[in-house]
Amino acid sequence: MNQEELYIKRCFDLARLGKGKVSPNPLVGAVIVHNNRIIGEGYHSAYGKAHAEVNAIASIKKQDKALLKEATIYISLEPCCIYANTPPCTDLIIEHKIPNVVFSSIDKTPDVNGKSLNLLKRAGCNVSYGLLHSKGDQLSRIRNTFVAKKRPYVILKYAQSKDGFTGRKGENIWLTNSISKRLVHKWRSEFDAILIGTNTAQIDDPRLTNRLFFGSSPLRIILDRNLRLSEKLNVYDDSVKTWIVTEKEFVKTTYDNTSFINLKFDNQLISNLLKKLHDANISSLMVEGGAELINTFIAHNLWDEARVFIADQFLNHGLKAPTLPKSSATEYKIGTDQLFLFKNQ
């Protein structure tokens, strides 16, 4: 691995520090180098706050500021060129006369999407991109899916027994081990929203919150067509932001964090829900529902990743696990469980 790749990898490491805090903005890290010495670095730490490039420049010691005119800035993602919560980072780079810009992945935001590359070149910067691009694209996949497809990045998560069952009808059966459970709570801290169906809410009575890892809890979304779920269930505890998606009109309530969202439960339900989430700036969704709900996402090809636990136990009969389209998977060992990560290519 050459020196430039090491700097870009450092950008990736910095970017990940913003997980769970920057949505719907992308994860971005930046490193500023002069004569093979890092003189500044930063990352986007929270939505609405300074971008990675701004923080990297601000971190430079006073005695090193003059070196910017001879430095290279490495960035995990194409710098922004639009006014939003903060001014364009391209303007900042040009203002400080940083002569060399290297970034890994193109930002698919329609008003960016390669335009920053041209703006910087016209200003006299030496610009290159695509370094470790597959890793850069992976890091930016949630943001780029959100802006390009106008929907959240969708992850399907479920557990199954060794013989291919997710559970038994009407029974609350826990399959995976405590380490896998903690890992799922870590994922909850990193994603904007989590979705389940009526049966899962009623039988399992989950809280759908992050209690076993640092960070916040996602928006809870529960599908309940006829509002048949009891308000004594955990999803009605009003502890975090919650959407109850229903066809029924609901009278005004005293809930602070719980909203009732009216949508038709027809063939377009999932598409319409994803559009509503996009409009609400929800850029990532984890589907933790049962096999029926997950199969609906698969049937409509509205998923990007699947995270499938295979527990070290047999059920012999029960509810058949979803069937994913043939695709390659990465396998991990989580104690006694196996975890398979699939990508919808």
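**Backbone features, cores and selected residues of the predicted model**

Leucine 132 is placed in the loop that runs between strand β5 (126-129) and helix α5 (133-139). In this predicted model, the phi angle of leucine 132 is near 50 degrees, which is a positive value in a residue other than glycine. Most residues other than glycine have a negative phi, and most peptide bonds are trans. Leucine 132 has a relative accessible area of 18%, and it is therefore classed as buried, since the limit for a buried residue is a value under 20%.

A positive phi is also found at lysine 97, where the angle is near 55 degrees. This lysine 97 belongs to the loop between α3 (89-95) and β4 (100-105). Its relative accessibility is 53%, so lysine 97 counts as exposed; the limit for that class is a value over 50%. Asparagine 281, located just after helix α9, likewise takes a positive phi, of about 65 degrees. The peptide bond between serine 23 and proline 24 is cis, with omega at about 5 degrees. Proline 24 lies in the loop between α1 (3-15) and β1 (29-34).

The overall architecture may be described next. The protein contains 10 helices and 16 strands. For its 345 residues, a compact globule would be expected to have a radius of gyration near 20 Å, and the 22 Å of the protein agrees with this. The C-alpha trace spans about 70 × 45 × 30 Å along its principal axes. Among contacts with a separation of 6 or more, 69% are made by residues 24 or more positions apart. Of the 345 residues, 52% are buried.

The surface and the charges were also considered. The protein exposes about 16,900 Å², and 49% of this area is supplied by carbon and sulfur atoms. There are 47 positive and 35 negative side chains, and the centres of these two sets lie 1 Å apart.

The interior includes a largest nonpolar core of 34 residues, in which Leu156, Ile221, Leu285 and Phe297 touch the most other members. Helix α9 (residues 269-279) gives the most to this core, contributing 5 residues. A second, separate core has 28 residues, including Leu175, Ile194, Leu227 and Leu339. The buried residues of α9 are Leu269, Ile270, Leu273, Leu274, Leu277 and His278. An α-helix has 3.6 residues a turn, so residues three or four places apart point the same way.

When neighbours within four places in sequence are left aside, the contacts of leucine 285 include Leu274 and Leu277, both of which are among the buried residues of α9. Leucine 285 is further in contact with Pro152, Tyr153, Val154, Ile155, Phe191, Ala193, Ile194, Leu195, Ile221 and Phe297.

Isoleucine 142 is part of helix α6 (residues 141-149). Neighbours within four places in sequence aside, isoleucine 142 is in contact with Tyr153, Phe191, Ser283 and Ser284. The C-alpha atoms of isoleucine 142 and proline 24 are 8.6 Å apart in space, although the two residues are separated by 118 residues in sequence.

Tryptophan 303 is found in the loop between α10 (291-299) and β13 (305-310). With 2% relative accessibility, tryptophan 303 counts as buried. Not counting residues up to four places away in sequence, tryptophan 303 touches Arg151, Val154, Leu156, Phe297, Ile298, Leu324, Pro325, Phe342, Lys343 and Asn344. Two of these, Leu156 and Phe297, are listed with the residues of the largest nonpolar core that touch the most other members. Tryptophan 303 and tyrosine 74 are 229 residues apart along the chain, with 32 Å between their C-alpha atoms.

Alanine 84 occupies the loop between β3 (72-77) and α3. Its relative accessible area is 65%, and alanine 84 is therefore exposed. Alanine 84 and glycine 18 are 66 residues apart in sequence, and their C-alpha atoms are 19 Å apart in space.

Tyrosine 129 is located in strand β5. Its relative accessible area of 48% makes it partly exposed. Leaving aside neighbours within four places in sequence, tyrosine 129 is in contact with Phe103, Ser104, Ile106 and Leu117. The C-alpha atoms of tyrosine 129 and leucine 117, 12 residues apart along the chain, are separated by 8.6 Å.

Technical notes. Residues are numbered from 1 along each chain as its sequence is written. This is a predicted model: local features need pLDDT of at least 70, side-chain atom pairs count only at pLDDT 80 or more; totals for chains, interfaces and linings use all residues. Side-chain values use heavy atoms; hydrogens and water are left out. Helices (H or I, at least four residues) and strands (E, at least two) are DSSP runs, numbered from the N terminus. The radius of gyration is taken over C-alpha atoms; the globule rule is 2.2 Å times the number of residues to the power 0.38. Buried means under 20% relative accessible area, exposed over 50%, partly exposed in between (1.4 Å probe, protein chains only). Contact means heavy atoms within 4.5 Å. Accessible areas come from the Shrake-Rupley method with a 1.4 Å probe; for residues, only the protein chains shown count as cover. Lys and Arg count as positive and Asp and Glu as negative; His and the chain ends are not counted. The place of a charge is taken as NZ of Lys, CZ of Arg, CG of Asp or CD of Glu. A nonpolar core is a set of buried Ala, Val, Leu, Ile, Met, Phe, Trp, Tyr and Cys residues joined through side-chain atoms within 4.5 Å.
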